[in-house]
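Colleague: I should like to understand how the terms used for internal spaces are justified. May I put some questions to you about this model?

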Amino acid sequence: MRDNSRGGRYTIPSARLYPFQWNWDSCFCALGWAAFDEARAWKELETLFAHQWPGGMVPHIIFHEHHDSYFPGPAVWQVKRDVPTSGITQPPVAASIVRAIYERATDRETAERMARAMIPKLFLNHQWWHGQRDPDGTGLVAVYHPWETGRDNSPEWDAALKTVSKEGIAPYQRRDLDHVQAACRPSHDDYDRYVALVELFRRHDYDQGILYRLTPFKIADAGINFILLRANRDLLRLMDEIKYPDSALRADVAAWIARQEKAAALLWDDGTQSYCSRDLLTGRNIAASTSASFLSFYAGVAKKDEQIRVLERWGGDAEFMVPSLDPADPRFDRKRYWRGPVWVVVNFMIGRGLKEYGCEEQARRVGRDTARLIAEKSFCEYFDPLDGEGLGGNRFSWTAAVWLAWARDYYP
Ligand code: DGY
């Protein structure tokens with residue numbers, strides 16, 4: 001964490017592979033910092049939200065300084081801000097992280113002041129999600145780019161991504177393959193379409209109203225929707241705990257929660273016995289059982305018996321829980337990024353959710369597997385669920401943060 005800290009203000013995920021500040025990485029890092037340096041944890045969040053766009057979006061990357069070891073950099077995004085950023089967002093974990101840090105803080109005075117200052121920014125961010133990404137008030141918010149889901153190459157996006165034309169995109173050079181084997185990263189075809197979407201959004205200056213109408217990739221990701229539902233619950237709780245005076249804000253958050261709870265049912269798929277993502281352009285759910293399905297526990301909308309049965313089956317197939325895709329799915333690829341490997345931040349959220357549902361045994365398994373992976377295989381970006389091999393970037397900040405904040409308690 002210290003090696004990846006920059007100027008005492010933000011944490012890069014991993015040198016060279018990801019040399020800037022990433023939105024959800026940074027939030028998990030704050031949780032890790034809080035285990036040994038609370039002031040640094042608050043600073044991390046303060047830096048992230050200093051780059052929130054006026055409309056409320058928190059960009060997925062903040063390009064604080066120049067580096068050419070990453071593609072696509074600021075010259076591709078062309079976002080005109082003093083400190084350049086990307087033009088899309090990432091899973092909104094911030095409110096949940098702020099609440100967790102606030103509740104555990106030993107320096108109560110600073111925690112009170114910082115959490116109070118964060119509330120309007122968090123509220124504005126959630127309002128952006130509900131207002132811009134669900135303007136019809138359906139209770140399901142949309143993402144427009146696989147990078148927004150944080151689960152870039154999940155098989156859930158395959159069919160929708162194929163509809164994105166890659167004709168005429170500017171030539172580019174991937175930099176991720178300078179650092180990580182191609183077999184562990186998204187395919188070239190995926191990348192072409194990622195770039196095509198960025199070029200489309202850039203042509204429209206990232207205008208959310210326009211993008212809502214014309215994006216060819218519009219998905220209600222189960223992961224994002226569950227993370228946002230949980231974040232709304234945590235925001236509401238935080239407002240209560242610090243006796244936040246503005247009751248109108250509280251009423252809005254409560255209304256979002258009610259709407260989301262109802263809409264979650266739309267994502268349930270009987271065939272896979274899982275919560276799935278929904279393609280909002282075809283109106284159909286995408287039959288794929290991924291680790292995002294189990295975030296229903298974290299969000300408080302789990303179908304406990306059905307989902308525990310699925311989780312137990314996965315646990316029989318995998319040595320290390322929780323694979324990012326059902327190991328029995330023919331598309332399962334144990335080393336390829338979000339098509340099989342275990343990601344410890346997802347485990348952290350699933351583990352917390354399982355415990356809150358009283359599923360002690362399953363929560364312990366997820367915690368213990370996470371602790372073994374980190375302690376025995378090191379601070380890698382992600383892990384092979386069958387033999388535990390560490391994959392992707394190394395000396396990875398959020399893996400260290402998850403160890404500090406949670407997994408170490410499960411180490412035998
Ligand atoms: C990448 O570049 O691999 C990231 O996941 C995009 O945020």
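Colleague: Which space is taken by the ligand?

Modeller: In this predicted model, the ligand takes the space of the largest cavity. A molecule is said to sit in a cavity if more than half of its atoms lie within 2 Å of the grid points, so the ligand is assigned to this cavity.

Colleague: Why is the space called a cavity?

Modeller: A 1.4 Å probe fits in a cavity but cannot get out, and the search uses the protein atoms alone. The whole structure holds four cavities of 30 Å³ or more, and the largest has a volume of about 240 Å³. Its lining has 22 residues, and the closest to the centre are Tyr-18, Trp-22, Gln-90, Asp-152 and Tyr-337.

Colleague: What makes the pair formed by the ligand and the side chain of Trp-22 a polar contact?

Modeller: An oxygen atom of the ligand is 3.0 Å from an N or O atom in the side chain of Trp-22. The cut-off is 3.5 Å, so the pair counts as a polar contact. For His-60, a polar side-chain atom lies 2.8 Å from a ligand oxygen, and for Arg-185 the distance from a side-chain N or O atom to a ligand oxygen is 2.8 Å. Alone, the ligand exposes 230 Å², of which the protein buries 95%.

Colleague: Into which classes do the residues of the shell around the ligand divide?

Modeller: The shell has six nonpolar residues, one polar and two charged. Asp and Arg count as charged, so Asp-152 and Arg-185 are the two charged residues of the shell.

Methods:
Residues are numbered from 1 along each chain as its sequence is written. This is a predicted model: local features need pLDDT of at least 70, side-chain atom pairs count only at pLDDT 80 or more; totals for chains, interfaces and linings use all residues. Side-chain values use heavy atoms; hydrogens and water are left out. On a 1 Å grid over the protein atoms alone, a cavity is a set of points where a 1.4 Å probe fits but cannot get out, and a pocket is an open set with protein on both sides within 12 Å along at least five of seven lines; lining residues have an atom within 4 Å of a point. Grid points are joined across faces, edges and corners, and a volume is the space filled by probe spheres set on the points. A residue is near a molecule or strand if one of its heavy atoms lies within 4 Å of it. A polar contact is a pair of N or O atoms within 3.5 Å; within protein, one must be able to donate a hydrogen and the other to accept it, and residues adjacent in sequence count only if both atoms are side-chain atoms. Accessible areas come from the Shrake-Rupley method with a 1.4 Å probe; for residues, only the protein chains shown count as cover.
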